[in-house]
Amino acid sequence: MNILLTGAAIAIMFTMLLALIRALMGPTVFDRVLAVNMFGTKAVLLVAVFAFISGRPDVLDIALLYSLLNFVGVVAALRLVQRGKEYAQKKLEEDAQ
Amino acid sequence: MISLTIDIVLLIFLLVMAFAILRVHHLLAVAMMFGLYSLLVAGLFMVLDAPDVAFTEAAVGTGIATVLMLATLAVTRVTHEKELKKTNKRALFIVVVTGGLLLYGTHDMSNLGDNMAPAHTEVAKRYIEKGQEETGVPNLVTAVLASYRGFDTLGEVTVVFTAGIGVLLLLRRKQKPRIKGIQGGR
């Protein structure tokens, strides 16, 4: 059972590495936002797996908190991107007039 | 064994993230990466068996700080950091010296999990045994925070209070800020 959990932890860390590479390379903002979101999700999974490896299932609460925060962060980022676009649009219209 | 592996991998990720934050000039990406950075730090705290600190770090670092930074970016309408042509030698010197001093300071620290560390053998023992009669406070944590480390707490409260006043003064506007699309504000 422990070997299984250890294997899962290593696999999750490898996925984190892949997401990290995408977050660093990401040509567009959306690639980065998506990669950051995925990295956060993997962090949640890693915390959950680690909770069972170390035999302290109460640490699962932290995983729950992480997933909530991850969601909030991504929503905030996407709102900002949308608003930035609106500002750019407004500027274009003002320039055209 | 696996917790050591997780430690090392998370630390490597932290290092990569720190250099990435230095190199990337797109401010939205930087704000998101700061969020990830503190998520990683929180993970490390969890592996170090400090779930309460991990909770705080995740809530403040990943949650509030990221949202505040993104909101600031939305208000200032800046998307890219100004790229500096040359490095500031004096600033680099100060940073290197401070970092060297901090590294030098770690030599005096006791090892992780060392149960003969002074914090466990001297300080904590004194707090537990003499705390009640020396301070007269029934709660041990309150006794440490408000009496033994009273000046430290006073300093912290002063810093937080000053920062709060500063933020309130900066964010005060004559006109109420309106976000397009909600509350009918157009």
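How many helices and how many strands does chain A have? In this predicted model, chain A has 3 helices and 0 strands. The legends below describe close-up views of chain A, of its contact with chain B, and of selected parts of chain B.

**Figure 1. Helical architecture of chain A in the predicted model.** Along the sequence, the elements of chain A succeed one another in the pattern α-α-α. Of the 97 residues in this chain, 32% are buried. When contacts between residues at least 6 apart in sequence are considered, 49% of those in chain A connect residues at least 24 apart. The mean pLDDT of chain A is 81, and 90% of the residues score at least 70. Within the chain, the mean pLDDT of an element is highest for α1(A), at 87, and lowest for α3(A), at 75. Where pLDDT is low, the predicted coordinates should not be read in detail.

**Figure 2. The contact between chain A and chain B.** Chain A contributes 34 residues to this contact and chain B contributes 33 residues. On the side of chain A that touches chain B, the elements giving two or more residues are α1 (2-25), α2 (29-53) and α3 (60-96) of chain A. Which of these elements gives the most to that side? The answer is α3(A), with 14 residues. Sorted by class, the side of chain A that touches chain B comprises 26 nonpolar, 5 polar and 3 charged residues. For the complex, the predictor reports an ipTM of 0.76 and a pTM of 0.72.

**Figure 3. Packing of helices α2 and α3 of chain B.** Helix α2 (residues 27-47) of chain B packs on helix α3 (residues 51-76) of chain B at an angle of about 175°, and the two axes are 8 Å apart. Because angles over 145 degrees count as roughly antiparallel, α2(B) and α3(B) are described as roughly antiparallel to each other. From α2(B), the residues in the contact include L27(B), L28(B), A31(B), F34(B) and F45(B). Among their counterparts in α3(B) are P51(B), V53(B), A54(B), M69(B) and L73(B). The residues of the contact of α2(B) with α3(B) comprise 17 nonpolar, 5 polar and 1 charged. As for the length of α2(B), its 21 residues should span 30 Å at 1.5 Å a residue, and the end C-alpha atoms are 30 Å apart, which agrees.

**Figure 4. D49(B) in the loop between α2 and α3 of chain B.** D49(B) comes just after α2(B) and takes a positive phi of about 70°. The residue is other than glycine. Most residues other than glycine have a negative phi. Is D49(B) buried or partly exposed? With 14 other C-beta atoms within 10 Å, D49(B) is partly exposed.

**Figure 5. T72(B) and E83(B), in helix α3 and in the loop after it.** T72(B) is part of helix α3 of chain B, and with 15 C-beta neighbours inside 10 Å it counts as partly exposed. The C-alpha atom of T72(B) is separated by 14 Å from that of R172(B), although the two residues are 100 residues apart along the chain. E83(B) lies in the loop between α3 and α4 of chain B. E83(B) has 6 other C-beta atoms within 10 Å and is therefore exposed, the cut-off being 12 or fewer. Between E83(B) and L28(B) there are 15 Å from C-alpha to C-alpha and a separation of 55 residues in sequence.

**Figure 6. Helices α4 and α7 of chain B.** Helix α4 (residues 89-106) of chain B consists of 18 residues and reaches 26 Å from its first C-alpha to its last, close to the 26 Å expected at 1.5 Å a residue. How many of the 18 residues of α4(B) are buried? The count is 0, and α4(B) is hardly covered. Helix α7 (residues 150-171) of chain B has 22 residues, which should span 32 Å at 1.5 Å a residue; the end C-alpha atoms of this helix are 31 Å apart, which agrees. The number of buried residues in α7(B) is 0, so this helix lies largely in the open.

**Figure 7. Confidence of the prediction along chain B.** Chain B has a mean pLDDT of 82, with 92% of its residues reaching 70 or more. Among the elements of chain B, the highest mean pLDDT belongs to α4(B), at 92, and the lowest to helix α5 (residues 118-135), at 80.

Technical notes
Residues numbered from 1 in each chain as written. Chains lettered and ligands numbered in written order. Predicted model: local features only at pLDDT ≥ 70, side-chain atom pairs only at ≥ 80, totals over all residues. Contact = placed C-beta atoms within 7 Å. Helix = DSSP H or I, 4+ residues; strand = E, 2+ residues; numbered from the N terminus. Nonpolar A, V, L, I, M, F, W, Y, C, P; charged D, E, K, R; others polar. Expected span 1.5 Å × (residues − 1). Buried ≥ 20, exposed ≤ 12 C-beta atoms within 10 Å, placed from the backbone. pLDDT = per-residue confidence, 0-100. Axes fitted to C-alpha atoms, helices over the stretch in contact; angles between N-to-C directions. Parallel < 35°, antiparallel > 145°, perpendicular 65-115°, else oblique.
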